[in-house]
Number of protein chains: 2
Amino acid sequence: MYDNKNEYFCFSTNRNRLTKVKINTMNILPDKTVERLSQYRRNLLICDGKGKTHIFSHEIANIHHITPVQVRRDIMLIGYTGTLRKGYNILELIALIGEILDKEDGQRVAIVGAGNLGRAIIQYFHNRRDKLSISAAFDSSPDKIGQEYDGVKIYPIEDIDKIVKEKNITIGIISVPVVAVKATASALVEAGVKGILSYTPRPIDVPENVYLEEYDMITSLEKVAYFAKNIEKI
Amino acid sequence: MYDNKNEYFCFSTNRNRLTKVKINTMNILPDKTVERLSQYRRNLLICDGKGKTHIFSHEIANIHHITPVQVRRDIMLIGYTGTLRKGYNILELIALIGEILDKEDGQRVAIVGAGNLGRAIIQYFHNRRDKLSISAAFDSSPDKIGQEYDGVKIYPIEDIDKIVKEKNITIGIISVPVVAVKATASALVEAGVKGILSYTPRPIDVPENVYLEEYDMITSLEKVAYFAKNIEKI
DNA sequence: GTAAATTTGTTATTTCAATAACAAGTATTA
DNA sequence: TAATACTTGTTATTGAAATAACAAATTTAC
Ligand SMILES: NC(=O)c1ccc[n+]([C@@H]2O[C@H](COP(=O)([O-])OP(=O)(O)OC[C@H]3O[C@@H](n4cnc5c(N)ncnc54)[C@H](O)[C@@H]3O)[C@@H](O)[C@H]2O)c1
Ligand SMILES: NC(=O)c1ccc[n+]([C@@H]2O[C@H](COP(=O)([O-])OP(=O)(O)OC[C@H]3O[C@@H](n4cnc5c(N)ncnc54)[C@H](O)[C@@H]3O)[C@@H](O)[C@H]2O)c1
C-alpha cells in the first residue's frame, strides 16, 4: 500500500523560473494530513457502526467542513484508492489509516500530574484506542500515589524512569502545575519517551529527537475571542 | 497605533508573471499571528513580574522556539515599534496586545457541560484574564444545577437563551457528552454567541457568522504518536 | 447504444505562513 | 572619530497547505 508511490513532483520558483522538483513524500505525511486522518477515522468508525459500507469523498468532506478535493488528496497521499462511483470502502480505509497512525504493537502513554485535568484526560482516553492507551500516571502527592483511576495506576514521580522503561512507554502527557513543568519534561526525556504533549501554559525545551506538541486552552480561547469579535471581517 | 499602516504589498503569480498586489491587512491578523500574540503576552507578563522592562526579539523567540524574524514580523503587523538596540518595552507591548486581543469591555464566556472536563476548565480559567472570564455554566443534571465552582454558577440548560442574553455572553465552550453536542451548539448559536470552542470529538455545524474552533485531545495525541514513531524522518 | 451525470486520482495554481536578506539606525570599541 | 557589532523594520524569497482544474472511468438515463 505504502510503497507503490515513493516519489512526487512539485514546482519550485527558482530565480523567478519555475522548476520541476522531485520530492519524496511517502517518508512522512504533512502535519495537517495526519490530523485529518485521525478525524476521518473517528467518524468512519461511527459510519461503520451504522452499517454503512462505502462513503464518497464529498460525504467525508461534509462531515468535516472541508472540500472533497482535500479528502481525496489526503487519501491519495496514503496510497489508498476507492472505487469509481462507489466511493471508499469504509473498513478498508479505517484499516489503512490504522496502519499509518498506529504502531503495530501499539504505543503506551504516561500522564504526569493526576489533578483535575489529568484525571479528566485519563477518563476520556479510557478504552478509546486499542493501540494508544494510558498505561501509567505519575504524581507527587501522597494522597494520590497508589490510587487507580479507570484502571490507570498512579505511581510516585520518583519511579518515572523505572516504570517508563519497564512498560516501554513512548509518549508523555504533561498536566502538572507550571512550577513542575520543566522538571517533568526533563524526566520524561531522560526516561526515553519520543513524544510529549503538554497542556500547560509553560513553554518547554526538548532535544531534537523528541516530538513536542504544546496546547494551551487560554490561547485557544483568546483566538476564538479575537475572531469572534472580528467575525464580520472574515 | 493601528492606523498608520493600512496597506501592504505582496506578490501574486498570475499567469506565470509576478504581479505586485496591494492588500489590506490591518483588518484582520493572520491566524497564526493571533495565536502567537496570545503566547507572547502570557510570557511577557511573567517577564514583567520578574522586573524586566525591555526585551529583544531574539529573547521572545527563544522562549517560544521560533525565529526572531517571526517575532518582529508579528510585532510589525500590530503596528508596534521597539527601540533600536534596546528592544521592546514590555509593558507597552503587553498593553498593545491587550488592545488587539481583548475587547474594550471584555467578552464573557459560557461553558456548557459541567462534568469532569468542564469543571477542570472552569478552575483553570478562574481569575486568569480580566477581559475574558467564564460568567456562567450550564448543565442538565439536577445534581449540578444551582451549584457553584470557583464563583461560576451552574444554570439549568433550559435557561441558556435567557442567561446568555442577560449577561451578554459572546463565547461558548462545549464540554457535554457527544449525544448532546448538536443541540448544545444550536442553543448557543440561537442565543447569539459569536464564537464556539468545542472540546468534544463530534463535528459541529455553525452558520457563517459564528467562529468555530474544534479541538480533540485524541487527535492531538494520535498526531504526537505518529510523529514520535517517525521522529528520525523529521 | 449513446449521451449525460458522477466520481475518482492527479497535476496545476493559488493562498497562506515562515524564513531570508538587507537597509538604516544606534551603541560600543579602538 | 572611525570602524564594528548589534538590533530593528521591511521587503523578497521560499516553503507548506489548500483549492482549482481536468482527464479517465463508470454508472444511469434516455
Ligand atoms: N484544569 C484545566 O482544565 C487545565 C486546562 C489547561 C491547562 N491546565 C494546566 O494543567 C496543569 C494541571 O492543571 P490541573 O488543573 O489539573 O491542576 P491540579 O493542581 O489539579 O493538578 C496538578 C497535579 O500535579 C501534581 N503534581 C504537582 N507537582 C508534581 C510533580 N513535580 N510531579 C508530579 N506531579 C506533580 C499534583 O499533586 C496534582 O495532582 C497546570 O499546569 C494547568 O495550568 C489545566
Ligand atoms: N474528560 C476529558 O478530559 C475530555 C477530553 C476531551 C474531550 N472530552 C469531551 O468532553 C465532553 C465532556 O467530557 P466529560 O469527561 O466532562 O464528561 P462528563 O460526563 O463528566 O460531563 C458531561 C456533563 O455534561 C452534562 N450534560 C449532559 N447532557 C447535557 C445537555 N444536554 N446539556 C447540558 N449539559 C449536559 C452532564 O450532566 C455532565 O455534567 C465529552 O464530549 C468528551 O468526549 C472530555
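How far is an oxygen atom of ligand 1 from an N or O atom in the side chain of A:Lys144? I looked this up in what is a predicted model, and the distance is 2.8 Å.

**Entry on ligand 1.** I then went through the other polar contacts of this ligand, and found an oxygen atom of ligand 1 at 2.5 Å from a side-chain N or O atom of A:Asp139, and one at 3.0 Å from a side-chain N or O atom of A:Asn116. Of the 820 Å² of accessible area that ligand 1 has on its own, I noted that the protein covers 84%. I placed ligand 1 between chains A and B, with 24 residues around it, among which A:Leu117, A:Asp139, A:Lys144, A:Val176 and A:Tyr199 come nearest. Helix 5 of chain B gives the most to this shell, with four residues, and by class I listed 14 nonpolar, eight polar and two charged residues.

**Entry on ligand 2.** I turned next to ligand 2, which is surrounded by residues from chains A and B, so the site is shared between chains. The nearest of its 24 surrounding residues are B:Leu117, B:Asp139, B:Lys144, B:Val176 and B:Tyr199. A polar side-chain atom of B:Asp139 is 2.5 Å from an oxygen atom of the ligand, while for the side chain of B:Lys144 I noted 2.8 Å between an N or O atom and an oxygen atom of ligand 2. From chain A, a polar backbone atom of A:Ile121 lies 3.4 Å from an oxygen atom of ligand 2. I recorded that the protein covers 84% of the 820 Å² that ligand 2 has accessible on its own, and that helix 5 of chain A gives the most to the shell, with four residues.

Technical notes:
Residues are numbered from 1 along each chain as its sequence is written. Chains are lettered from A and ligands numbered from 1 in the order in which they are written. This is a predicted model: local features need pLDDT of at least 70, side-chain atom pairs count only at pLDDT 80 or more; totals for chains, interfaces and linings use all residues. Side-chain values use heavy atoms; hydrogens and water are left out. A residue is near a molecule or strand if one of its heavy atoms lies within 4 Å of it. A polar contact is a pair of N or O atoms within 3.5 Å; within protein, one must be able to donate a hydrogen and the other to accept it, and residues adjacent in sequence count only if both atoms are side-chain atoms. Accessible areas come from the Shrake-Rupley method with a 1.4 Å probe; for residues, only the protein chains shown count as cover. Helices (H or I, at least four residues) and strands (E, at least two) are DSSP runs, numbered from the N terminus. Ala, Val, Leu, Ile, Met, Phe, Trp, Tyr, Cys and Pro count as nonpolar, Asp, Glu, Lys and Arg as charged, and the others, Gly among them, as polar.
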